[in-house]
Amino acid sequence: MYKYETVILLKPSLSEERIKKIKAEIENKINSVGKVTKNEDIGIKKTAYEIQKNKEAYYIVYKYNTNKEPKDSVKKIEQFYRTLEEILRFITVKEE
């Protein structure tokens with residue numbers, strides 16, 4: 001079993017309704033290749049530097065497990081992140 005953690009930064013100007021919809025889409029995508037074990041909403045925080053003219057971002061942290069090879073599962077999830085224009089940045093790390 002492979003364990004991962006992903007931090008996603010969303011545009012701070014999004015409505016709560018749109019954030020909920022994006023979170024549901026992300027969870028569905030993760031659950032299609034694994035299982036979400038933890039979802040943490042950090043909220044709006046200042047970024048270390050300006051990202052696409054935004055000095056703040058809405059932070060979300062996902063922890064999830066998958067049985068599939070990383071090149072298959074993580075690659076599919078990250079491709080999905082790239083299709084959402086509301087996502088400013090994301091990073092996925094493998095937990096030990």
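Read along the sequence, the chain of this predicted model follows the pattern β-α-β-β-α-β. In total, 2 helices and 4 strands are present. The radius of gyration is 13 Å, close to the 12 Å given by the globule rule for 96 residues, so the chain is as compact as a globular protein of that length. Taken along the principal axes, the box filled by the C-alpha atoms is roughly 35 × 25 × 20 Å.

A few values for the whole chain help to set the scene. Of the 96 residues, 39% are buried. The chain exposes about 6200 Å², and carbon and sulfur atoms supply 46% of that area. Among contacts with a separation of 6 or more, 72% are accounted for by residues 24 or more positions apart.

The sheet comes next, and its strand order is a good place to begin. The 4 strands form an open sheet with the order β2-β3-β1-β4, and the pairing is antiparallel. The edge strands, each pairing on one side only, are β2 (35–51) and β4 (87–95). From one strand to the next, the twist averages 20 degrees.

The pairings can be followed across the sheet, starting with β2. This strand is joined to β3 by 11 bridges, and the two run antiparallel. One of the residue pairs places Gly43 opposite Tyr59 in β3. β2 and β3 form a hairpin with 2 residues between them, and Gln52, which lies in the turn, has a positive phi of about 50 degrees.

On to the next pairing: strand β3 (residues 54–66) is joined to strand β1 (residues 2–10) by 9 bridges, again with the strands running antiparallel. Several residue pairs can be picked out along this part of the sheet. Glu5 stands opposite Lys63 in β3, Thr6 has Tyr62 in β3 as its bridge partner, and Leu9 has Tyr59, also in β3. Tyr59 is thus the bridge partner of Leu9 and also stands opposite Gly43. The remaining pairing, between β1 and β4, is antiparallel as well and extends over 8 bridges; here Val7 stands opposite Ile91 in β4.

Strand β3 deserves a closer look, as it is mostly covered: 10 of its 13 residues are buried. Asn54 is found in this strand. With a relative accessible area of 18%, Asn54 falls under the 20% cut-off and therefore counts as buried. The side chain of Asn54 reaches the backbone oxygen of Gln52 at 3.0 Å, and Gln52 is the turn residue with the positive phi. Leaving aside neighbours within four places in sequence, Asn54 is in contact with Pro12, Thr47, Tyr49 and Leu88. Of these partners, Thr47 and Tyr49 lie within the range of edge strand β2 (35–51), and Leu88 within that of edge strand β4 (87–95).

The helical part of the chain offers a second buried polar residue to consider, Lys23. This lysine is found in helix α1 (residues 16–33). Its relative accessibility is 16%, under the 20% cut-off, so Lys23 is counted as buried. Not counting residues up to four places away in sequence, Lys23 touches Asn39, Asp41, Ile60 and Tyr62. Among these, Ile60 and Tyr62 fall within strand β3 (residues 54–66), while Asn39 and Asp41 fall within β2 (35–51). Tyr62 is also the bridge partner of Thr6, and Lys23 in helix α1 is in contact with this tyrosine.

Definitions and conventions: Residues numbered from 1 in each chain as written. Predicted model: local features only at pLDDT ≥ 70, side-chain atom pairs only at ≥ 80, totals over all residues. Heavy atoms only, no water. Pairing = 2+ DSSP bridges. Axes fitted to C-alpha atoms, helices over the stretch in contact; angles between N-to-C directions. Buried < 20%, exposed > 50% of the residue type's maximum accessible area, 1.4 Å probe, protein only. Polar contact = N/O pair within 3.5 Å; in protein donor to acceptor, adjacent residues only side chain to side chain. Contact = heavy atoms within 4.5 Å. Rg over C-alpha atoms; globule rule 2.2 N^0.38 Å. Areas by Shrake-Rupley, 256 points an atom, 1.4 Å probe, with all protein chains shown as cover.
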